[in-house]
Amino acid sequence: MAVSVFDLFTIGIGPSSSHTVGPMRAARMFARRLRSEGLLLQTARVEAELFGSLGATGHGHGTPRAVVLGLAGHSPRTVDVAAAALEAEEVARTHRLLLLQEHEVAFDPQEDLVLHRRQALPFHPNGMRVRALDAGGGVLAERTYYSVGGGFVVDEAAVGAARIQPDPTVLPHPFTTGAELLAHCRTSGLDIAGVMLADELAWRSEEQVRGGLLEIADVMDACVERGCTTPGTLPGGLRVSRRAPALAAALAAEPPGPERGMEELTLWAMAVNEENASGGRVVTAPTNGAAGVVPSVLRYAVRATGEREGTVVRFLLTAGAVGLLYKEGASISGAEVGCQGEVGSACSMAAAGLAAVLGGTPEQVENAAEIGMEHNLGLTCDPVGGLVQIPCIERNGMAAVKAVAAARMALRGDGSHKVSLDNVIRTMRQTGKDMSVKYKETSRGGLAVNVIEC
């Protein structure tokens with residue numbers, strides 16, 4: 001399978017890649033399908049059903065609004081965040097929806113958007129079914145989609161097949177395991193970023209790759225800045241106050257100390273995830289729930305090297321290569337393997353990126369990635385109130401610190417270690433399979449049921 005770094009780092013909106021970005025993309029795919037099959041103008045009404053984790057925590061993750069916006073033709077990458085909320089409110093008020101901004105149909109979110117809190121589809125915990133009806137109530141079209149993590153979406157044709165549909169592009173250095181990746185480094189003389197760049201050139205020019213990665217870094221930086229300067233309370237019933245602005249102000253007023261670097265790492269990661277929780281523009285890295293780790297460690301890396309463009313490109317290509325391994329070998333979906341697949345994967349990716357830009361060999365980089373995940377194994381996804389706030393925001397800050405520690409630990413060694421990255425990815429997949437469903441983004445276990453006083 002061919003997966004690009006731009007599949008793993010995508011610009012979207014919060015609060016969840018699997019519960020917001022994925023459903024928006026799926027709904028838009030369905031509406032565009034209606035148009036391509038000549039059924040758009042015959043459609044009088046649309047219905048949607050959300051299953052599994054989408055149904056259990058959809059309201060807290062903004063899934064209903066995402067479906068509305070997707071049917072209206074909006075893309076997570078380009079949607080106007082402020083205008084989107086107003087548009088969704090207008091649909092709820094009028095019970096009318098403009099499909100693809102072209103054709104008005106009946107749609108009452110309270111009646112036509114059903115969240116099945118205890119019912120799941122067999123292929124994946126994040127299932128979604130959409131249908132179009134004619135004026136007489138007959139079904140014109142019906143499609144089932146699965147949001148499989150990180151904003152990736154597949155339709156019902158993927159059942160029993162690979163989650164990512166085969167890309168016919170022939171890559172010079174194809175890899176799906178860490179062992180294969182290191183072998184390419186040895187035979188080609190390239191580092192991990194070099195191998196990933198060579199593969200990216202099968203799709204686009206080097207100028208486009210570099211420009212695209214710098215754009216992603218710019219969006220990450222802008223998200224950090226917004227999070228550090230936007231006060232207030234996050235949406236949802238928990239009434240969680242944004243902490244990043246106060247922390248940023250406190251750090252700015254204090255003289256530099258030995259703990260400053262770690263506190264700033266935590267600040268930057270929390271700032272991103274507070275923006276994500278508010279539905280702001282973020283970069284999926286590799287998911288929205290874990291969106292703060294990579295930007296925070298990347299910011300740290302740029303400061304450490306004193307050079308931005310080369311650091312950004314090398315860091316993100318290396319992190320993307322490691323993210324590809326998790327996507328191919330296990331999962332980055334919290335609904336499938338718990339938060340080890342989200343924050344754990346992000347920690348591993350960030351550790352690898354930092355080790356690379358600080359001069360690590362491919363073996364040291366692989367070791368950093370392994371350390372980053374090994375100490376996140378078994379991490380559950382149990383968001384309080386179904387919101388991407390507690391423990392998600394703090395968890396990103398802790399993972400950013402852990403990623404830096406993992407990178408520096410690996411750089412102190414020679415790259416040899418007993419547990420390989422492939423071993424830990426395999427273990428993560430097995431652990432996720434054994435994990436109780438109540439710890440997989442359903443808000444039916446862990447903190448989600450023990451912090452009800454919030």
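Me: Where does Gly-137 lie, and what is its relative accessible area?

Reply: The model is a predicted one, in which local features need pLDDT of at least 70, side-chain atom pairs count only at pLDDT 80 or more, and totals for chains, interfaces and linings use all residues. Residues are numbered from 1 along each chain as its sequence is written, and side-chain values use heavy atoms, with hydrogens and water left out. Gly-137 sits in the loop between strand S6 (126-133) and strand S7 (139-149), where helices (H or I, at least four residues) and strands (E, at least two) are DSSP runs numbered from the N terminus. Buried means under 20% relative accessible area, exposed over 50% and partly exposed in between, with a 1.4 Å probe and protein chains only, so Gly-137 counts as partly exposed, its relative accessible area being 42%.

Me: What distance separates the C-alpha atoms of Gly-137 and Arg-45?

Reply: Along the chain, Gly-137 and Arg-45 are 92 residues apart. In space, the separation of their C-alpha atoms is 8.1 Å.

Me: Which residues in the loop between S3 and S4 have a positive phi although they are not glycines?

Reply: The loop in question runs between strand S3 (96-99) and strand S4 (103-106). One of its residues has a phi of about 50° and is buried, at 9% relative accessibility, while another has a phi of about 60° and is partly exposed, with a relative accessible area of 42%. In that order, they are Leu-100 and Gln-101.

Me: Which prolines are joined to the residue before them by a cis peptide bond?

Reply: One such bond starts at Ala-285, with omega about -5°, and its proline is in the loop between strand S9 (281-284) and helix H12 (293-305). Another starts at Ile-390, with omega about 5°, and its proline is in the loop between helix H16 (362-374) and helix H17 (392-411). The prolines are Pro-286 and Pro-391.

Me: How far apart are the C-alpha centres of domain 1 and domain 2?

Reply: The chain is divided into domain 1 (16-158) and domain 2 (178-439), with bounds that come from an automatic or database domain assignment. Their contact, meaning heavy atoms within 4.5 Å, takes 20 residues from domain 1 and 18 residues from domain 2. The distance from one C-alpha centre to the other is 29 Å.

Me: Why is the largest pocket said to lie between two domains, and what is its volume?

Reply: On a 1 Å grid over the protein atoms alone, a cavity is a set of points where a 1.4 Å probe fits but cannot get out, a pocket is an open set with protein on both sides within 12 Å along at least five of seven lines, and lining residues have an atom within 4 Å of a point. The largest pocket lies between domain 1 (16-158) and domain 2 (178-439) because both give residues to its lining. Grid points are joined across faces, edges and corners, and a volume is the space filled by probe spheres set on the points; for the largest pocket this comes to about 550 Å³.

Me: Which residues of the lining are closest to the centre of the largest pocket?

Reply: Helix H3 (53-61), helix H4 (63-71), helix H5 (81-94), helix H6 (109-112) and strand S5 (113-115) each supply at least two residues of this lining. Of the 24 lining residues, the closest to the centre of the largest pocket are His-59, Gly-60, Gly-62, Pro-64 and Arg-65.

Me: What is the volume of the largest cavity, and which elements give two or more residues to its lining?

Reply: There are 3 cavities of 30 Å³ or more, and the largest has a volume of about 160 Å³. Of the 21 residues lining this cavity, those closest to its centre are Gly-289, Glu-342, Cys-381, Val-388 and Cys-392. The elements that give two or more residues to the lining are helix H2 (17-36) and H17.

Me: How many of the residues of helix H8 are buried?

Reply: The buried residues of H8 include Ile-192, Val-195, Met-196 and Leu-197. What covers the buried residues includes helix H1 (5-8), helix H7 (178-188), helix H9 (206-229), helix H13 (309-329) and H16. Helix H8 (residues 192-200) is mostly covered, and its buried residues number 8 of 9.
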